[in-house]
Amino acid sequence: MTENARKTSYTKRSEDARRGVEAMGTVLVTSGTGKTGRRVAERLTEQGVPVRAGSRNASPTGVAAGGRSGGVRFDWADPSGWAVALDGTEAAYVAYPPDLAVPGAAGAMAEFGRLAAQAGVRRVVLLSGRGEARAALAEQALRDAAGGVGPTVVRSAFFAQNFSEGALLDSVLGGALVFPAGSAAEPFVDLDDVADVVVAALTGEGHAGAVYELTGPRSLTFREAAEELGRAAGRPVRYVPVSATAYAEVLEGFGVSGPEAGFLAELFATLLDGHNSATTDGVRRVLGREAKDFTAFAREAARGGAWHAPVHRAARG
């Protein structure tokens, strides 16, 4: 594609997005306080789209007057509240923590899809993972149950923000990045890019049924990532590769239950065995621009104070 053609395509996407936003009804964000859900909700709100942010800690009657915007109780462990959360919404962003590959996810997607179709939801965007066979089963369960809705699936690489606001923050602060990734490379994706793609799919046309694989523009090993994080943070950060079993013990030390720790450790080891190392053009296909590089992420996170906390901190569960 020539530069002029690329600019024309980008302008058309921008115009389509503006028209889509102006006509948009309420969007349910199932995990409105999560890493991706919070960003999606903020972007939609900034564009004037009514948002219903789901949270397990919200009041069961948290939907604002008229059912258009506000918070609502949404707990993946309690399907009894899902219909209320979906009532009166036009679209939904679905994020299933801790991962779409966990046992029970396919059943939850089937029930959510059935209720979304019943509520008349027109668009559903689902966050998934790259190269996860069990997550693909959950994706299909949602498609089958949602009928003509045609969910958009966003398969994401490993979040760059896992190092700055996620499970690996304490490791970076402590100077030792302990993880079961061996020497495999990963094209870390920035959550701002993920959120922008999700919002584009929620508000624009032509995304129904699409599958977008999102990565950063280059792949790094965890050792290389640790070096970049150290330079940005202004303190040494070294990578310590461990087995899945050893990492499960680390997670338990942070308060994660034994079964969940074992599942997560095995999942990380499986996903980070090299089969997801290739980059994709998913961000550019949807947004018309390149994905954010890991170096830019690290510098922005450092400027924002992500790693300014004391090195020795109480562990978080």
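This section describes the central sheet of the predicted model, the helices packed on it, and its salt bridges.

The sheet is open and comprises 7 strands, arranged in the order β3-β2-β1-β4-β5-β6-β9 with parallel pairing. Its edges are formed by β3 (70–73) and β9, each of which pairs on one side only. From one strand to the next, the twist averages 20°. Within the sheet, strand β1 (residues 27–29) runs parallel to strand β4 (residues 91–94), and the two are joined by 3 bridges. Leu 28 has Ala 92 of β4 as its bridge partner.

Two of the helices in contact with the sheet may be described in turn. Helix α5 lies across β5, β6 and β9, and runs at about 170° to β5. Helix α7 also packs on the sheet, where it touches β1, β4, β5, β6 and β9. The direction of α7 makes about 155° with that of β5.

Across the whole structure, 23 salt bridges were found. One of them joins the side chains of Arg 39 and Glu 165, with an N to O distance of 2.9 Å. This pair links distant parts of the chain, 126 residues apart: Arg 39 belongs to helix α2 (residues 35–46), whereas Glu 165 is located in the loop between β6 (152–156) and α6 (169–174). Arg 39 has a relative accessible area of 8% and is therefore buried, the limit being under 20%. Glu 165, at 30%, is partly exposed.

A further salt bridge is formed between Glu 213 and Arg 130, whose closest N and O atoms are 3.1 Å apart. Because Glu 213 lies in strand β9 (residues 211–214) and Arg 130 in the loop between β5 (123–129) and α5 (133–146), the pair ties together parts separated by 83 residues in sequence. Here Glu 213 is partly exposed, with a relative accessible area of 27%, while Arg 130 is buried at 7% relative accessibility.

The side chains of Asp 190 and Lys 292 likewise meet in a salt bridge, at 3.6 Å from N to O. Asp 190 is placed in the loop between β8 (185–186) and α7 (191–203), and Lys 292 in the loop between α11 (282–287) and α12 (294–303), so parts that are 102 residues apart in sequence are tied together by this pair. Both Asp 190 and Lys 292 are buried.

A network of salt bridges links Arg 38, Arg 39, Arg 43, Glu 165, Asp 190, Asp 192, Asp 193, Asp 196, Arg 289, Lys 292 and Glu 300. The Arg 39 and Glu 165 residues described above are thus members of this network, as are Asp 190 and Lys 292.

Terms used:
Residues are numbered from 1 along each chain as its sequence is written. This is a predicted model: local features need pLDDT of at least 70, side-chain atom pairs count only at pLDDT 80 or more; totals for chains, interfaces and linings use all residues. Side-chain values use heavy atoms; hydrogens and water are left out. A salt bridge is a side-chain nitrogen of Lys or Arg within 4 Å of a carboxyl oxygen of Asp or Glu. Helices (H or I, at least four residues) and strands (E, at least two) are DSSP runs, numbered from the N terminus. Buried means under 20% relative accessible area, exposed over 50%, partly exposed in between (1.4 Å probe, protein chains only). Two strands pair if DSSP finds at least two bridges between them. Axes are lines fitted to C-alpha atoms, for helices over the stretch in contact, and angles run from 0 to 180 degrees between N-to-C directions. Contact means heavy atoms within 4.5 Å.
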